[in-house]
Amino acid sequence: MKPLLLVLCALACTSPKSAYFDAGGRADLLSGGVRKIEISTPKGKFRVWTKRVGNNPRIKLLTLHGGPGATHEYFEAFDSYLPAAGVEYYYYDQLGSAYSDQPDDPSLLVIARFVEEVEQVRRALGLTRDDFYLLGHSWGGILALEYALAHQQDLKGLVISNMMASIPAYNEYAKKVLLPQMDQRVLAEVLALEARKAYDDPRYEELLLPGFYVHHILRMPAESWPDPVLRSFAHLNKKVYIPMQGPSEMGASGILEKWDRTADLKRIAVPTLTVGARYDTMDPKHMEWMAGQVQRGRHLYCPQGSHLAIYDDQKTYMEGLLRFLADVDAGKL
């Protein structure tokens, strides 16, 4: 059999098909796996959206989307792979994202508060160190790393996908490697619009999409971008995204600008997979380096991929993710 099929078979055997699709006795039976979970914050109680797919007593994967302020929707590519592998997985929109409550309160845009939110979601879903895997992509990778540093005793495995451990290093990589590759006339016009804070000017997106995003976010013609990606972009909450990340993916200039956890990677003891890609906005060499800094690390390199390697190097991404889950479940990592 091909490598991916071997991985699928190894995982699927942990959850027979009949059991995997049996939602009997689950509190989310009526809603097809959807649950709105109440969370407590310094500004009161709100509800966040989650959706479970499948059943597996040993492998339960919670996904943390990027942005900040994007949605779970671009993870829907998992539907083509994870059910066949028997993985139980959870979509989840963080507070401020489209399917969850969206309080207009900048004081809630704090990393530690998001970490506490994830912990409340974990407890509500009944995930434990015997079954709980956490996958964070982009900003979700920051959140996953921060969660692991605070609560790794509750984790079975960690995936940091397409996110460096340092925003200053990310900005340096963008400045020295990515931006010089752009058409400099396009870059100058983008920077002029940013200087005027004209982020809603249609010209801003007209420049970014062909000038940067199709090279480093998703390496497909923009008109061919998959529907889940387009929906997630369309639902981006800029009141969360811009204050935290800044106006675009060409670097970070918001609340996250000085975030750096490189010195703390050695504290992470749970099995950890880092995912990097050749054309990513994140330095692929840094992603490989991260895997060597944690105590039990593995690196997955996507040679055809960019920031959304889940789409533009999908086979490599899915095969590597599923192999990691299978190996941790088997005690091999």
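**Helix 10, the sheet and the cores**

On helix 10, the exposed residues K285 and G292 sit on the face turned away from the buried side. This is a predicted model, and helix 10, spanning residues 284-293, makes a handy way into it. Its buried residues are P284, H286, M287, M290 and A291. These five all end up on the same side of helix 10 because the arc they cover around the axis is only 160°. That fits a simple rule of helix geometry: an α-helix has 3.6 residues a turn, so residues three or four places apart point the same way. As for what lies over the buried residues of helix 10, the cover includes strand 6 (157-161), helix 5 (167-178), strand 7 (272-277) and strand 8 (297-302). The N-terminal end of helix 10 has a cap in D283, with a side-chain oxygen 3.0 Å from the backbone nitrogen of K285.

Strands 6, 7 and 8 turn up again in the sheet. Here 8 strands form an open sheet with mixed pairing, and their order is 1-2-4-3-5-6-7-8. Strand 1 (34-41) and strand 8 are the edges, each pairing on one side only. Between neighbouring strands of this sheet the turn is 20° on average, direction ignored. Strand 3 (residues 60-64) and strand 4 (residues 88-93) run parallel and are joined by 3 bridges. Take K60, for instance: its bridge partner in strand 4 is E88.

Helices pack on this sheet too. Helix 3 (residues 111-125) touches strand 1, strand 2 (44-53), strand 3, strand 4 and strand 5 (132-137), and its direction makes about 135° with that of strand 1. Helix 4 (residues 139-151), for its part, lies across strand 3, strand 5 and strand 6 and runs at about 140° to strand 5.

Now for the interior. In soluble globular proteins, nonpolar side chains tend to be buried together. The largest nonpolar core in this model has 57 residues, and F78, V87, Y89, I310 and Y317 are the ones with the most contacts inside it. Helix 12 (residues 314-329) gives the most to this core, supplying 7 residues. A second core, separate from that one, has 48 residues, I160, Y170, W259 and V294 among them. Back in the largest core, Y317 has plenty of company: setting aside neighbours within four places in sequence, Y317 is in contact with F78, L135, S161, N162, V275, L300, C302, A309 and I310.

Two polar residues are worth a look as well. T272 belongs to strand 7. With a relative accessible area of 1%, T272 is buried. Its side chain reaches the backbone oxygen of V270 at 2.8 Å. Not counting residues up to four places away in sequence, T272 touches L158, I160, V294, R296, G297, R298 and F324; of these, I160 and V294 are also in the second core.

S248, by contrast, is found in a loop, the one between helix 9 (238-244) and strand 7. Even so, S248 counts as buried because its relative accessibility is 2%, and the cut-off for buried is under 20%. Leaving out neighbours within four places in sequence, S248 is in contact with E194, Y204, L208, Y213 and Y241. One of these partners, Y213, is 35 residues away from S248 along the chain, with 9.6 Å separating their C-alpha atoms.

Definitions and conventions:
Residues numbered from 1 in each chain as written. Predicted model: local features only at pLDDT ≥ 70, side-chain atom pairs only at ≥ 80, totals over all residues. Heavy atoms only, no water. Buried < 20%, exposed > 50% of the residue type's maximum accessible area, 1.4 Å probe, protein only. Helix = DSSP H or I, 4+ residues; strand = E, 2+ residues; numbered from the N terminus. Arc of directions from axis to C-beta. Contact = heavy atoms within 4.5 Å. Polar contact = N/O pair within 3.5 Å; in protein donor to acceptor, adjacent residues only side chain to side chain. Core = buried A, V, L, I, M, F, W, Y, C linked by side-chain atoms within 4.5 Å. Pairing = 2+ DSSP bridges. Axes fitted to C-alpha atoms, helices over the stretch in contact; angles between N-to-C directions.
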